[in-house]
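Visitor: Pick one part of this model and take me through it closely. After that, carry on into whatever else you would point out, and keep it informal.

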Amino acid sequence: MNILTVEQISKSYGEKVLFQDASFGMEEHDKIGVIGVNGTGKSTFLRIVAGLEQPDTGRVAVNNDIRIACLPQNPDFDPDTTVLRQVFQGGDPMLQIVSAYIEAVERLELHPADERLQAEVTRLSQEMDRLQAWSLESEAKSVLSKLGITDFGAKVGELSGGQRKRIALASALIVPSELLILDEPTNHIDNDSVAWLESYLQRRRGALLLITHDRYFLDRVCNVMLELDHGRLFRYEANYSRFLELKSEREEREASAEQKRQNLLRTELAWIRRGAKARTTKQKARIERFEKLQQERTEYKSEQLDISVASTRLGRKIVEIFELSKSAGERVLIRELTYTAVPGDRVGIVGPNGSGKSTLLNMITGRIEPDQGYVELGPTVKLGFFTQEQQEMDDKQRVIEYIKEEAEVVTTADGSRITAAQMLERFLFPPAMQWTPIGKLSGGEKRRLYLLRVLMGAPNVLLLDEPTNDLDIQTLTVLEAYLDEFPGAVFVVSHDRYFLDRTVDKIMAFEGEGVVAVHVGDYSDYAERVQQLGKSADPGIDSAGGKGKRASTAASGAGSSEGGTTGGSGSQRDQSRVERVKFSYNEQREYEAIDGLVEAAEQRLADIASAMEQAVSDASRLQELMKEQQEAEAELERLMDRWTYLNELAEKIEQQKS
C-alpha cells in the first residue's frame, strides 16, 4: 500500500540548488536510506517529507491516517525538564498525555495533600486507560537504557549533546507511527547501541526513511536507496552493496551518453566553423541542434575527493604509554595501560559511551593529565587531532581564509606543491564556494572543512575522534583510502563498524573497571571473539590463564624508543623512569611460557595442513579445516605480537641491570 508520494519537489538556498523536480513514492514496507555528499540537502529533504519545511515547488502527499515520527538532525530540548518527560515531548496526543501524567505525579509527590493535584492525576490516569498508553513509560525506559541513558530523572540541560540526541532518538522510536524518519540516528551512540538499533529497526513493522553514514547499517536495514546527486534524485531497489553496483552501471551509461554528445558536438562545431549559412530549413534545424547540444550537459560522474597530502617524516619513537591510569570521580576509566606504537599502527578504540575513549586521546595530546603513568611522544611526532566536538569556527570567516590559517601551500604524496585553493577544490569546495562565509555551510560541510585543515598540517600521527559523525560516505571512502597510504600511526575512536573493519588492525577495547585490552585484528574479529567468550567470560583472566591485570592490557607493537631511553627532560627524570621498567607478575609468567605457546601454535598449523592434504576429496571437512586454519593463524599472529613485546621488555630490563 502506498503511504506517501513526493511529487517534483525543488529546494534552493540563494543561488545553491539542493534538488530539483525530485519525485518518489513509499510503500508501507519500504526501508529507505538517503545518501549523498554533504551539502546536497539530505536533511532538508527529510524535513520536507516530514512536513517540517516547505519545498519551493512540488508537494508531498501523505495517505490518510498515516502517522509520522521524526528524529531531526538538531532536535529541540527543554533544559529544565527531566529525561523521562523529554521523551514524551511532541505533538502526538498519546505522548502528551503520558508527559502530563508523569508531571502531575511528580508534583503530587511533592504536595501529597493537594486535592486538585489528586483529581488531575485521576483524570489523566483515566485518559491513559482510554489511550492504552501505560506500556509507553516502561517502553521508553527500556529504549533509553538500550541507548545508554539510565538516569531518567536527570535534567536535560545537564546532559551532553550526544546524550540529548539519544533522548530524541528514544522519543522517535516509541511514538506509534506508520512512517519513521531518522536523521543520522547512529551518531553519538556506541557500538552495542548501534547493533541494538539495527536489530530493532529490522524487526520494526512500518516504513522507514533515514540518513546514515554507517554502511553496515544501510546494508542490513534498508531495502531501497535514494541518492541525491547534482540536484537529481535516483532510486535504487537495493541495499547499499547492490546500490554501489547499480550506481556504477548508471554512471557508465551516462558517461557513454556524454561521450556521444561530445563527439556529435565536435562534428557540428566543425560544420558551423566551415561557414554554414542559415538559409535553408535543413541548415536552420542543424544550427538549432548544435545550440541545443551546447546547452545540454550530462552530470555523469560524481566529483572525486582527493586528500593526497604528504605527512612529515616520522622517527622510530612514536607514542609510548606507560602504566597510564585515569579516574573520573570514583569511577576508574583507565588502569595501568601500557602500549608502544609502531610505524604503520592502526588502532581502533572502542567501548561504551563515557568509558574514557576520548579521554585517552586527550591524554596522548597532553590536553588532559593522567592520574599516574605517562605518555611520551617521539621528537619527530607531529600530531593531527580531529576531535569529536564541533570546532569553534568564525561564521563570518571565508572558507579559504580558514584553510590558509593552517597552510597556504602543501606538498602532496607525489611531491607536487598545490595551493590552499586547489586543495579546497579537491575537497569539493569549488572556487565560488571558497569565498562563502563558513556560517552558510551545512554541518557536514563544516566537518569536511575541519578535516581538510587537520590534514593540511601534514601530521605523521593521526588521532581521529568519531570521524564518521556527520561526514558523508564519499568523504569517508576517500579518507579510508588516504589512511591506506598514510605512513604514520593512527588512533581512531569510532562506533562505525565498517570504518573500523576498513582501517584498523588492532582494537583497544575499554572493557570496564579500568581494563583496556588490546586485541589483534579488525572490529569484526574482536566482536566475534567477544561473542565466543560470552557474557560469563571473566575479564580478569589473561590469555595465559592467570588472574589479575589482563595481560593484553599491556600489549604493544614492536619497536623501542630512540637512543635506548624512554625520553624526558633531564637525566634524573630519565633514570627514575628506566628503573620503573619491570615485568608484572602475569607478564613474568607469560614470558616464561610464551616460547612453548608459540611452538604449540606452529605445530597446530602444521597438523591442520597435514589434515587438509588427507581431506582433499572431502569438501565439507576441508571447509572446516580451512576455518580452523584461519583461527590458528590469527592465534599465532597474536602470540608473536606478545612474544615480540615481552622479549623487548626483557631486553630493557637487562639493559637497566647492566
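**A helix and what covers it**

Guide: Let's go with α3, whose buried residues are M94, L95, I97, V98, S99, Y101, I102 and A104. Keep in mind that this is a predicted model. The helix runs over residues 93-110, 18 residues in total. From first C-alpha to last, α3 reaches 26 Å, close to the 26 Å expected at 1.5 Å a residue. So what sits over those buried side chains? The cover includes four other helices: α2 (83-87), α4 (115-131), α5 (134-146) and α6 (161-174).

From there, let's go hunting for enclosed space. Rolling a probe the size of a water molecule over the atoms shows where empty space is left. A search of the whole structure turns up one cavity of 30 Å³ or more, and its volume is about 40 Å³. Its lining is made of S43, L46, R47, C70, L71, P72, Q73, I181 and D183. Which elements supply at least two of those residues each? They are α1 (42-50), β5 (68-71) and β6 (179-183). Helix α1 gives the largest share, with three residues. By chemistry, the lining splits into five nonpolar, two polar and two charged residues.

C70 in that lining brings us to the cysteines. The search over the whole structure finds zero disulfides. C70 itself is partly exposed, at 27% relative accessible area. C222, by contrast, is buried, with a relative accessible area of 4%.

Now for some backbone oddities. D65 sits in the loop between β4 (57-62) and β5. Its phi is positive, about 70°, although D65 is not a glycine. Is that spot buried or exposed? D65 is exposed, with 74% relative accessible area. E323 also has a positive phi without being a glycine, this time near 45°. The setting is another matter, as E323 is in strand β10, residues 319-328. At 19% relative accessibility, E323 counts as buried because the cut-off is under 20%.

Last, two threonines. T387 lies in the loop between β14 (383-386) and α12 (399-404). Despite being in a loop, T387 counts as buried, at 2% relative accessibility. What does T387 touch, once its neighbours within four places in sequence are set aside? Its contacts are R367, R447, Y450 and D465. The other threonine, T411, belongs to strand β15, residues 409-411. T411 is partly exposed, with a relative accessible area of 35%. A458 is 47 residues away from T411 along the chain, yet the C-alpha atoms of the two are separated by 8.5 Å.

If you're turning the model as you read, go back to α3 and find M94 and A104 among its buried residues, then look for α4 and α6 among the helices covering them. After that, swing over to α1, β5 and β6 to find the cavity.

Key: Residues numbered from 1 in each chain as written. Predicted model: local features only at pLDDT ≥ 70, side-chain atom pairs only at ≥ 80, totals over all residues. Heavy atoms only, no water. 1 Å grid on protein atoms, 1.4 Å probe; cavity = no way out; pocket = protein on both sides within 12 Å on 5 of 7 lines; lining within 4 Å. Points joined across faces, edges and corners; volume = space filled by probe spheres on them. Nonpolar A, V, L, I, M, F, W, Y, C, P; charged D, E, K, R; others polar. Disulfide = S-S within 2.5 Å. Buried < 20%, exposed > 50% of the residue type's maximum accessible area, 1.4 Å probe, protein only. Expected span 1.5 Å × (residues − 1). Contact = heavy atoms within 4.5 Å.
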